[in-house]
Amino acid sequence: MSLFKIAGGTVYDPLNNIDGEVRDLWIEDGKFVEPPSDPGTIPARTLDASGLVVMPGGVDMHCHIAGPKVNVARKMRPEEKRLADKVHRTAHTRSGTLGSVPSTFATGYKYAGLGYTTAFDAAIPPLGARHAHEEFHDTPIIDKGFYVLVGNNHYVMKQIQEQEPERLKNYLAWLLQMTKGYSCKLVNPGGVEVWKRTGGNATGIDETVEHFNVTPRQIISGVSQAAGELRLPHPVHIHCNNLGIPGNWQTTLETMRAVDGHRAHLTHVQFHSYGGNPDEQQTFCSEVPQLAEYVNTHDNLTVDVGQVMFAETTSMTGDGPLGYFLHKVTGRKWFSGDTEMEAGCGIVPIVYKDKSMVHALQWAIGLEWYLLINDPWRVAMSTDHPNGASFMAYPEIIALLMDRERRREVLERVPSSVSERCTLADLDREYTLNEIAIVTRAAPAKMLGLRHKGHLGSGADADVTIYTPDDDIQQMFELPRFVIRRGVVVVEQGEIREDFAGETIHVAPGYDPDAVADIQNWFEQHYTIQFANYAMGQDELPHEHVVATE
Amino acid sequence: MSIAEATEGKTTELKIVKDATCTFCGCVCDDMELTVEGNKITKAKNACVLGKAWFFNHHIEDRPEATIEGEPVPFEEAVERAAEILTSATYPITYGLSDTTSESQRVAIAITDWIGGTIDTTTSVCHGPSGMAFQGVGEVTCSLGEVKNRADFLLFWGGNPAESHPRHFTRYSLMPKGQFVPNGRKDRTAVLIDVRKTKSAKAMDIFLQIKPRSDFELAWAMRGLAAGIDIDPDIEQITGIPLKTLKDVVERMKAAKFGVILFGMGLTMTRGKHLNSEAVLALARDLNKYTRFTAKPMRGHGNVTGADNIVSWSTGYPFGVSLTRGYPRFNPGEFTSSDTLARGEADAALIIASDPMSNFSNPARQHLAKIPSVVLDPKLSETAKVATVAFTTATYGINTSGTVYRMDDIPIPLRPAFESPYRSDEEVLKAIETRIREKQLAASAGG
């Protein structure tokens, strides 16, 4: 019995309807507890938070921080680390490198330093699951999990083509168990297989994927239905077809329709909201208002943004043909990696410039999404780290959302036609601190179905970020006064005080054991590793947290 | 009684280990069926000639668990001395790592970080140039199952897989029937480019015997031909390959549905080095204008790919990483072990699962023999013989579980055949790390 009290802070806990009230928080054994009934109870430790802003630990629901693709990007980009800040070894912590793709230890420390205590990698091929888990082992402090790529998986496409929804459902459950993943991810469904086979792409969701004789729409609808029936805590997570292509907003709208009322999360939706004609750059424009209206009126859908910020970064994606497209556009070095039966991958360095009309419009389109979704519980903050920008840009994005003048200053400096192509200049909305707390922790935790995260109520993990209020919002969020993980102060004013191994969060949905024989038969025909060596072992994750599917 | 004797007769039961993994080469075949009698593997179903040698010649040697200056000492004493050597050095280097598990690689990197050393792996003397080329031009690649299921054109360059990776042809590349190449070998065109007509040449449709040291010129000419640029016929004088032959091969590459270039150290370790790898990676990349084409280095050691991955995720760089300033810096040639030793810079060494005393340059070996060193090896290697502190360790994959990465970055779990009386690399390294941390934290508390 060791009680820890965070006393007198101004608390923002949107899930429990607490909007800036001065409160005490009580923690015991790493969890929040009800205040003791005896008002005379003296805690073992008290942290005086008076005058400070208290929020749950941040939750990043879509980033690329581990696994084969991320690690290739680390290897590929020595040049950007030379001038980047260094992460020095200290008496308690390991060293690392930054740049757009930080090393594992640096990733854990930097997320924690920003007040984020949970992060989910968005795209792991099942064959790379063991690799991702190994990296998680070396990614300290934060709790983490990943989504498993299934949108170009041959078994998935086969079951959809053969109209075997039960087999599909069993396979997805089995796959999540084998990989210790968290949810099902679609990346350019069907299109990556077209790339792997022919070098082309699927350009619309009703195009047939040869050999498998399925359409992206069927994959979207089949997997969203299966994920729904499996009652996964986080529904199907969709990276739509035609990412980055002018005119793709219609594909995105069709994708929203294709889930047919099932719950679905559309990710880095900024990259999928473009109007215009792919062959004429001067027609490029925002179509966020129409898409946001659709989301506003369909409560089965949630989104994260994938905000672009002006800086050098690395594009990395399971969308193989997109990697090739970016290589052709930028002329820069290119990695492509195809994984048997499962997935693709593309990596290209990219610089987003405020002098570029296209890039500036992408920046504006991201902000439109935050400002045009009426209910902040339906939109999560993301940069699709590192695709749109590093996660370390979150404080700057928060400042942009809370300050329309700051947005206008940027609009004045970018090519003037940007304002004609989107509605950003007309959007006066400014986020409140409570809304910031929603889009950076409470909403993503809710979308993920993580009941023990994103709030400060009794029973939740005692992950807390405490900020010093500042007129300079960016500075306030860049340098939390304290970050607390499971009731232990891990960061003070940007310095790591304690090193911890975080937990790996995954699901373990049930499946029909009789369904495995067919999977094994298919597997043994096509894979180059043994069926028995595919699954993560029972004891391979030293710190795991299983979220129930109910 | 010695350690090896102590386990004699303790485990004589016969058992079968299925889905075991051979870690001898970068193929990392995981379909071994091992028959184990006591502490001996007597059958290794599915193993190639190299794999059989690996499994059958692995017997527990009767060596002390730890020695200092060649004299047997208790384990704890050896750990203490190792920690002392590594913490008192000003330029300690860590080297090797390609024949041990990812789990022990992680600890070796942690130790190097804590002591501010320099970490390097055998990559720097095999496919290091490919790693550097990759940083220059990128890489279009795929897993070995993609080769099996899709590749209708194979170009082997500067390697002899028939003898270095004996099951590569049958399991992954040349022979297997695959999803989109249902007739296996018949559906594939295979070409070998090498300076010698090796055993691998017999398995090919086309063999191009090039003049030594002309790989770069040949690859560059092929890039030109692929792009439709006229190439001077004197390419034949330079490379030994007639322009007509070259044109024919390039046309076949463009006409293929899915091509792969699999390149070996004959490319990366000859004149041009990383420029050769760059040319070949760029050639494969360029061909994606016309069809799907990929490239892949043929990695040698069982877990050298794991070493690359783990050094990369820990430090941001794949090999040749200095942590002396308290953060990672990368510079092949400056921080690679063969160089820090040859220049006489390193003043202590931690060598894990490799034998630089039998393959480094003379100046490097002379210096390594002079400085205090800590060596972990299942065998009494040439390097173990000159070690200040030597640990006999269990053999990965045969005696220990853990993870290794196949040459295409696919991680594969290990299933040990029998227990070794010796500790694993991971256990020894963890003991050294723990002792180093105790010393450091005590010193920082006191100071």
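Begin by selecting A:Trp334 and B:Gly138, since A:Trp334 has B:Gly138 as its bridge partner in β8(B). This is a predicted model, in which local features need pLDDT of at least 70, side-chain atom pairs count only at pLDDT 80 or more, and totals for chains, interfaces and linings use all residues. Residues are numbered from 1 along each chain as its sequence is written, and chains are lettered from A in the order in which they are written.

Next, widen the selection to β18(A) and strand β8 (residues 138-142) of chain B, which pair in the parallel sense over five bridges; strands pair if DSSP finds at least two bridges between them, and strands (E, at least two residues) and helices (H or I, at least four) are DSSP runs numbered from the N terminus.

Now show the contact between the chains, which takes 44 residues from chain A and 50 residues from chain B, two residues being in contact if their C-beta atoms, placed from the backbone, lie within 7 Å. On chain A, the elements that each supply at least two residues include α1 (68-76), α2 (104-113), α3 (129-137) and β18 (334-338).

Finally, move to chain B and select helix α10 (residues 215-226) and helix α14 (residues 274-286), which pack at an angle of about 20° with their axes 9 Å apart, the axes being lines fitted to C-alpha atoms over the stretch in contact and the angles running from 0 to 180 degrees between N-to-C directions. α10(B) and α14(B) are therefore roughly parallel to each other, a term for angles under 35 degrees. Among the residues that make their contact are B:Phe216 and B:Trp220 of α10(B) and B:Leu275 and B:Leu283 of α14(B).

Definitions and conventions. Parallel < 35°, antiparallel > 145°, perpendicular 65-115°, else oblique.
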